[in-house]
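The following questions and answers ask why certain words are used for parts of this structure. Each answer sets a value against a cut-off where one is needed.

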Amino acid sequence: MQTKALKIGTRASPLALAQATETRARLMAAHGLGEEAFEIVPLTTTGDRILDRPLSEVGGKGLFTKELEEALFDGRIDIAVHSSKDMATVLPEGLEVSTFLPREDTRDAFIGKLAPSIAELPHGAVVGSASLRRQALIRRMRPDLDVVIFRGNVQTRLRKLEEGIAAGTLLANAGLRRLGMEHVITDLMSLEMFPPAPGQGAIGIEIRSADAWVKQMLAPIHDEPTGYALACERAYLRVLDGSCRTPIAGHAVVDGDRLYFSGIILSLDGQEAHEVRAEGKATDAEAIGRAAGEEVRDRAGTRFFEGWG
C-alpha cells in the first residue's frame with residue numbers, strides 16, 4: 001500500500017503543468033488512487049528565465065531539465081515530467097527515462113496573422129521561431145521570409161504575435177492540443193514538408209534509476225510503441241550530437257512489430273539538406289536510429305557539420 005505522496009516535478013509553465021496533470025490522472029486511474037496520493041511540484045528552470053537569447057548560446061536543452069534533475073537527486077521530487085524533445089540525449093548518471101505516455105500528434109502548427117499559411121505570407125514577412133530546425137525548414141520553403149528568434153512559452157509567443165512583432169509563428173500541435181488551444185491554429189504542417197523534432201509530442205518521465213517503488217508505480221502507464229519510437233529518435237540524435245545548435249528532424253512510427261524512421265539534417269539557411277530512411281523490428285529501435293544517424297552523418301561529410309559549432 002502506498003504510504004506517501006508521489007511527488008511529480010515539472011516546469012511551471014501552463015503546458016508543463018498540463019503534462020504533469022495528465023501524468024497524475026493516468027497514475028490515479030492505473031492504481032485507483034485519489035489526487036492526495038500525488039503532489040505536483042512546479043519548478044522554474046534556467047530555460048524559463050532566459051528569454052532574450054537563443055538556447056544554443058546559453059547551454060542548449062539541459063536548461064529545461066537541470067533544476068528538475070537536481071530535485072530528483074536531492075529527493076524533493078520522485079519523478080520529473082518532461083517534453084521529450086527538450087531532453088538531452090545523455091542523462092546524468094543515476095537517472096533514466098523509464099516511461100513515455102502515449103504520443104500526441106507530432107506535427108507543427110502554424111499560427112498566422114497576415115496569412116493562414118507560410119506559403120501565403122507576403123514577400124519578406126517576419127516569422128518568429130526559437131527552433132533552429134523550424135528556422136531552417138521555413139527558409140527552405142521560403143528563402144525570402146525574415147526569420148527572427150521568438151522565445152517564451154505558448155502564451156508569450158501568441159502575445160508577441162498579437163503585438164505585431166511577427167506575422168506568424170510555429171508551435172507544436174501536441175502542446176496546443178494539451179492546452180485546449182487548437183482554435184489558434186491556421187495551418188497544420190505536413191510531416192513530409194515539415195518533419196518534427198525528435199521526441200516531439202511525447203511526454204517522458206525521468207526517475208532515479210535505483211528507485212524500484214517509483215518504477216513499479218509508473219510501469220502501468222508506459223506506452224510501448226512510443227517508447228520504441230523515442231528510443232530510435234534519441235539514438236539518431238545522439239549519433240549526430242543533437243542539441244539546440246543543430247537543425248535536425250527525425251520521426252519514428254511503430255506499426256505492429258515494425259518501426260519506420262525518417263530523418264533530415266539541414267544547413268542553417270535551409271538550402272542544403274541530407275535525408276535518411278530506415279526500418280526494421282520495433283525491438284531493434286535503438287540500433288535503427290543509431291544506424292540512420294551514422295548513415296546521414298557520413299553522407300553529409302565533415303564539411304557540413306563545421307558550421308554547427
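Q: What makes both faces of strand 10 count as covered?
A: In this predicted model, Ile203, Ile205 and Ile207 on one side of strand 10 are buried, and so are Gly204, Glu206 and Arg208 on the other. Buried means under 20% relative accessible area. In a regular strand, side chains alternate between the two faces of the sheet.

Q: Why is strand 10 described as largely enclosed by the rest of the structure?
A: The strand covers residues 203-208, and 6 of the 6 are buried, so the description follows.

Q: How do you know that strand 3 and strand 4 each pair with strand 10?
A: Two strands pair if at least two bridges are found between them. Strand 3 (residues 79-83) is joined to strand 10 by 5 bridges and runs antiparallel to it. Strand 4 (residues 95-100) is also joined to strand 10 by 5 bridges, again antiparallel. As for single positions, His82 stands opposite Gly204 in strand 10, and Val97 has Glu206 as its bridge partner there.

Q: Why is Ile79 called buried?
A: The cut-off for buried is under 20% relative accessible area. Ile79 has 0%, and is therefore buried. Ile79 belongs to strand 3. Beyond its sequence neighbours up to four places away, Ile79 touches residues that include Leu6, Ile8, Leu72, Ile205, Ile207 and Leu218. Ile79 and Ala20 are 59 residues apart in sequence, and their C-alpha atoms are 10.0 Å apart.

Q: Which residues of helix 4 are buried?
A: Helix 4 spans residues 66-73, and its buried residues include Glu67, Leu68, Glu69, Ala71 and Leu72. Just after this helix, Gly75 has a positive phi of about 85°.

Q: What makes strand 5 largely enclosed?
A: 5 of the 5 residues of strand 5 are buried, so the rest of the structure largely encloses it. Asp108, Phe110 and Gly112 cover one side, and Ala109 and Ile111 the other; all are buried.

Q: How do you know that strand 5 pairs with strand 8 and with strand 9?
A: At least two bridges are needed for a pair. Strand 5 has 5 bridges to strand 8 (residues 168-172), running antiparallel, and 2 bridges to strand 9 (residues 187-188), also in the antiparallel sense. Asp108 has Ala172 in strand 8 as its bridge partner, while Ala109 has Leu188 in strand 9.

Q: Is Asp108 buried or exposed, and why?
A: Asp108 has 0% relative accessibility, so it counts as buried. It lies in strand 5, residues 108-112.

Q: What makes the links from Asp108 to Arg134 and Gln200 polar contacts?
A: A polar contact needs a pair of N or O atoms within 3.5 Å, one able to donate a hydrogen and the other to accept it. The side chains of Asp108 and Arg134 are joined by such a contact at 2.7 Å, and those of Asp108 and Gln200 by one at 3.1 Å. Among the other residues that Asp108 touches are Leu170, Asn173, Met189 and Phe194.

Q: Why do strand 11 and strand 13 count as edges of their sheet?
A: The sheet is open, with 3 strands in the order 11-12-13 and antiparallel pairing. Strand 11 (248-255) and strand 13 (273-281) each have a single partner strand, so one side of each has no neighbour in the sheet. Neighbouring strands here are turned by 10° against each other on average, direction ignored.

Q: How do you know that strand 12 and strand 13 pair?
A: The requirement is at least two bridges. Strand 12 (residues 258-266) pairs with strand 13 over 9 bridges, in the antiparallel sense. One bridge partner in strand 13 is Gly280, which goes with Leu259. Helix 9 (residues 224-239) packs on this sheet and touches strand 11, strand 12 and strand 13.

Q: Why are helix 9 and helix 10 called roughly parallel?
A: Angles under 35 degrees count as roughly parallel. The axes of helix 9 and helix 10 (residues 285-300) cross at roughly 30° and come within 7 Å; the two helices are therefore roughly parallel. The crossing is right-handed. Residues of helix 9 that meet helix 10 include Tyr228, Ala231 and Tyr236, and those on the helix 10 side include Ile288, Gly289 and Val296.

Methods. Residues numbered from 1 in each chain as written. Predicted model: local features only at pLDDT ≥ 70, side-chain atom pairs only at ≥ 80, totals over all residues. Heavy atoms only, no water. Helix = DSSP H or I, 4+ residues; strand = E, 2+ residues; numbered from the N terminus. Buried < 20%, exposed > 50% of the residue type's maximum accessible area, 1.4 Å probe, protein only. Contact = heavy atoms within 4.5 Å. Axes fitted to C-alpha atoms, helices over the stretch in contact; angles between N-to-C directions. Parallel < 35°, antiparallel > 145°, perpendicular 65-115°, else oblique. Left-handed = near helix turned anticlockwise from the far one by under 90°.
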